[in-house]
Amino acid sequence: MQIYLDTANLDEIRTAASWGVLSGVTTNPSLMAKEKGADFKATIQEIASLVDGPISAETTALDADGMVREGREFAAWHPNVVVKVPSTTEGLKAVSRLAREGIRCNVTLCFNAIQALLAARAGAFIISPFVGRVDDVGVDGMDLIREIVQIYRQHRITTLVLAASIRHPRHIVEAALAGADIATCPFKVLEQSMRHPLTDIGIERFLADWKAWQQGK
Ligand code: E4P
């Protein structure tokens with residue numbers, strides 16, 4: 001399973017990219033809105049210069065024509081741009097038109113397996129089921145990943161399953177076990193994932209023993 005960063009913050013992307021673990025980045029309008037004064041096109045192009053992999057840029061039009069217009073524009077910014085469209089019938093229309101032009105789409109805001117199946121049939125490159133937001137309404141979000149993975153495998157569908165709306169490190173582990181191709185993670189969750197008290201205690205002990213040995217020579 002590949003790891004993407006779910007942010008439009010360039011400092012976070014630079015830091016996570018330096019760890020050597022990033023295969024792509026996802027953004028959305030809410031994440032962009034956190035970057036006060038930033039220009040959308042310049043941000044996406046800067047991200048593409050930092051991470052060599054798919055960079056999702058989300059459309060805001062509600063109709064297929066508008067999504068296609070925005071999608072063509074975003075795709076012209078950089079070859080790694082993937083156009084994000086919502087899981088709606090207009091979104092499906094836009095995906096099938098953009099896919100025919102060779103423009104890759106990430107179908108976002110997916111909350112059930114039927115949306116995922118139809119997105120794939122329309123030609124989606126990525127499907128993004130929102131695990132955390134499903135958990136929020138009292139349903140196991142990871143079951144949605146499992147269902148989509150099973151349907152895609154059974155029917156030899158090559159659309160990539162991206163576990164989105166990741167809230168904690170355990171979500172990443174469960175997404176990997178469920179067979180997701182990608183998990184897109186907030187910076188905080190990724191950072192938290194590498195923290196373990198036994199690792200810190202282990203380092204402390206090794207250093208203390210090393211120092212004692214050096215002094216006793
Ligand atoms: C995915 O591509 C979305 O940007 C993201 O994962 C949404 O997550 P949220 O529920 O934390 O907003």
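**Around Lys 84: a short tour**

Hi everyone, let's start right at one residue. Leaving aside residues up to four places away in sequence, Lys 84 touches Thr 26, Thr 27, Asn 28, Ser 56, Ala 57, Glu 58, Thr 59, Asn 106 and Thr 108. Please keep in mind that we are looking at a predicted model.

Why begin with Lys 84? It is the residue that UniProt lists for "active site". If you want to find Lys 84 on the structure, look in strand β4, which covers residues 81–86.

Now, is Lys 84 buried or exposed? Its relative accessible area is 4%. Buried means under 20%, so Lys 84 counts as buried.

Let's step back to the whole protein. How many helices and strands are there? We have eleven helices and eight strands. The C-alpha trace spans about 75 × 40 × 30 Å along its principal axes.

Lys 84 has company in being buried: 45% of the 217 residues count that way. As for the outside, the accessible surface comes to about 11500 Å², and carbon and sulfur atoms make up 54% of that.

Next, contacts across the sequence. Take the contacts with a separation of 6 or more: 56% of them are between residues 24 or more positions apart.

Last, the charges. There are 23 positive side chains and 25 negative ones. And how far apart are the centres of these two sets? They lie 3 Å apart.

So, to take home: UniProt gives Lys 84 for "active site", and in this predicted model that residue is buried in strand β4. Thanks for listening!

Definitions and conventions:
Residues numbered from 1 in each chain as written. Predicted model: local features only at pLDDT ≥ 70, side-chain atom pairs only at ≥ 80, totals over all residues. Heavy atoms only, no water. Helix = DSSP H or I, 4+ residues; strand = E, 2+ residues; numbered from the N terminus. Buried < 20%, exposed > 50% of the residue type's maximum accessible area, 1.4 Å probe, protein only. Contact = heavy atoms within 4.5 Å. Areas by Shrake-Rupley, 256 points an atom, 1.4 Å probe, with all protein chains shown as cover. Lys, Arg positive; Asp, Glu negative; His and termini not counted. Charge placed at Lys NZ, Arg CZ, Asp CG, Glu CD. UniProt positions renumbered as here; feature names shortened; annotations may be inferred.
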